[in-house]
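Subject: Structure handover and findings

Hello,

Here is the structure for you to look over. Please open it beside this email and follow along.

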Amino acid sequence: MIENAPATADLLVSGRPASAHLRDVRTLARRLVGHFADNVVPCGTLPGDALSGEITVVTRICLELALDLLDGRETADKTERVQEAAADWAREGIPIDAIHNAVHEGLRIGFDLIVAKAGAQDSPAMVDLARKFMEIQDRITRAVSAAYVRELKSVVSEHHTAVHTLTSALLGGRSTSTMARESAVAIADSYHVLALAVPPHRDEHNIALDAQVVARRKLRRLQAALADRCGGDALALLSVDGGTVLLPTDRYTEQALDTLVDQLAAAAQVPLVATTVRAARETIPHATDQAHELLDVVQRLGWPHRLHRFDDLVLEYQLARPGPARTVLAAALEPLDEQPDLLQTLRTYIAKDLNRQRTARALHVHANTVDHRFRRIGQLTGFDPGQAHGLWYLRSALIARAFEAGAAAGDT
């Protein structure tokens, strides 16, 4: 706020107090509302009763507030009324920049009305008047901003709580139409169920930083990106380590899901691993379990950071199920335990889409060395990775081994 503003009695324009030129508050309020309707876009979209009612009343109160400040009177009651109106507008979704624009336009018009009455002898008073109007604008802008932001935080918190409740209900198979109405979110007939794994940000390992703060910032970036790209479509329960996202199948194509995961990873600044399963509304709980089981498969196998689909991993998913077959498969690789370079070669060959040259480059060996190791694997295990049947069996054994190791460690 501007300090040391001159006493109002000194603000004389054409021999009268500056405020005297704005005394016809009702007429001026109607003029300003008409100006808003023609020149401030959100106001032009409001129903006529809103313009003639609440907005006209608040405009008049703002003018009276300006007059009080010009005359040096206290304005607590009118300031409170302006704040109440700002809170209402926040709930109605009127952009705050439009409100500030309306305030600035109103003060500009009021200032111009006073200046229009001024003569050459009033030039010194115009400087003081400009400073006073800046003080008035500061007072109203701060009152509007504080109330608007406070109410917006409340609205966002209420909506977040309602959506969180609805999402939890869907994931638990307890969704109701009442919950949907309370959250103002339409429930779709079917969803893409996304399971996300969010690794630590590199700064979470920086001893000079608070790891929890860094993790929360990562989560906020992820949530903001999801809200920005999906709006109210996305129903999500997320933590700093990952979570579940539900997206309506009628609004998101398979390609859109791939793009979304890439965008979320960029926003979170970490590589994301995600899996997706399509589900009807009533099967969401089962699909969620399935998506997270599939995510566990992808992570244990060390597969690339991207979106993986259930249809592409049916074999891996089935091989991960516990049972005697999985145990027998895993045992096929035991002869390689004393030959870690052979196991590494087998894993790399599979990861490089069965390309010998790329495998050799990744291992920094000659392609002939890869062939030699293949022969050794065949001799030790009885399954030749250069043959379709042998490769299929060895690949299945790698998957089974990953989960047998987890079972031995106490995982499922």
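Below are the findings, grouped by topic.

**Ground rules**

This is a predicted model, so local features need pLDDT of at least 70, side-chain atom pairs count only at pLDDT 80 or more, and totals for chains, interfaces and linings use all residues. Residues are numbered from 1 along each chain as its sequence is written, and side-chain values use heavy atoms, with hydrogens and water left out.

Helices (H or I, at least four residues) and strands (E, at least two) are DSSP runs, numbered from the N terminus. Buried means under 20% relative accessible area, exposed means over 50%, and partly exposed is in between (1.4 Å probe, protein chains only). Contact means heavy atoms within 4.5 Å.

**Nonpolar cores**

A nonpolar core here is a set of buried Ala, Val, Leu, Ile, Met, Phe, Trp, Tyr and Cys residues joined through side-chain atoms within 4.5 Å. The largest one has 33 residues. Leu22, Ile114, Leu129, Phe133 and Ile136 have the most contacts inside it. Two or more residues come from each of α1 (25–39), α3 (48–70), α4 (76–92), α5 (96–116) and α6 (123–171). Another core lies apart from this one. It has 28 residues, including Leu319, Ile377, Tyr393 and Ala400.

Look at Ile136 in the largest core. Not counting residues up to four places away in sequence, Ile136 touches Ala66, Leu69, Leu70 and Leu107.

**Cavities**

The search ran on a 1 Å grid over the protein atoms alone. A cavity is a set of points where a 1.4 Å probe fits but cannot get out, and lining residues have an atom within 4 Å of a point. Grid points are joined across faces, edges and corners, and a volume is the space filled by probe spheres set on the points.

There are two cavities of 30 Å³ or more. The second largest holds about 30 Å³ of space. Its lining is Leu22, Leu63, Ala66, Gly106, Leu107, Gly110 and Phe133. α3 and α5 each supply at least two of the lining residues. α5 gives the most, with three. Leu22 and Phe133 come up again here: they line this cavity, and they are among the residues with the most contacts inside the largest core.

**Salt bridges**

A salt bridge is a side-chain nitrogen of Lys or Arg within 4 Å of a carboxyl oxygen of Asp or Glu. The count is 15. Three are worth a look.

- Asp258 and Arg309: the closest N and O atoms are 2.8 Å apart. Asp258 is in helix α9 (residues 254–268) and Arg309 is in strand β7 (residues 307–309), so the pair links distant parts of the chain, 51 residues apart. Asp258 is partly exposed at 28% relative accessibility. Arg309 is buried at 18%. Glu254 joins these two in a network of salt bridges.
- Arg401 and Asp337: the N to O distance is 2.2 Å. Arg401 lies in helix α16 (residues 388–408), and Asp337 lies in the loop between α12 (324–331) and α13 (340–351), so the pair ties together parts 64 residues apart in sequence. Asp337 is partly exposed, at 38% relative accessible area.
- Asp228 and Arg229: the side chains meet at 3.6 Å, N to O. Asp228 is exposed at 62% relative accessibility. Arg229 is partly exposed at 39%.

**A strand pair**

Two strands pair if DSSP finds at least two bridges between them. Strands β4 (residues 235–239) and β5 (residues 242–248) are antiparallel and pair over five bridges. A hairpin of two residues joins β4 to β5. Ala236 has Val245 in β5 as its bridge partner.

**Backbone and one helix residue**

Most residues other than glycine have a negative phi. Which residues have a positive phi here without being glycine? Gln269 is one, with phi near 65°. Gln269 sits in the loop between α9 and β6 (273–280) and is partly exposed at 42%. Leu354 is another, at about 65°. Leu354 lies in the loop between α13 and α14 (356–363) and is partly exposed at 37%.

Arg356 lies in helix α14 and is partly exposed at 28%. Leaving aside neighbours within four places in sequence, Arg356 contacts Tyr349, Ala367, Val370 and Asp371. The C-alpha atoms of Arg356 and Thr369 are separated by 10.0 Å, with the two residues 13 apart along the chain.

Best wishes

Conventions:
1 Å grid on protein atoms, 1.4 Å probe; cavity = no way out; pocket = protein on both sides within 12 Å on 5 of 7 lines; lining within 4 Å.
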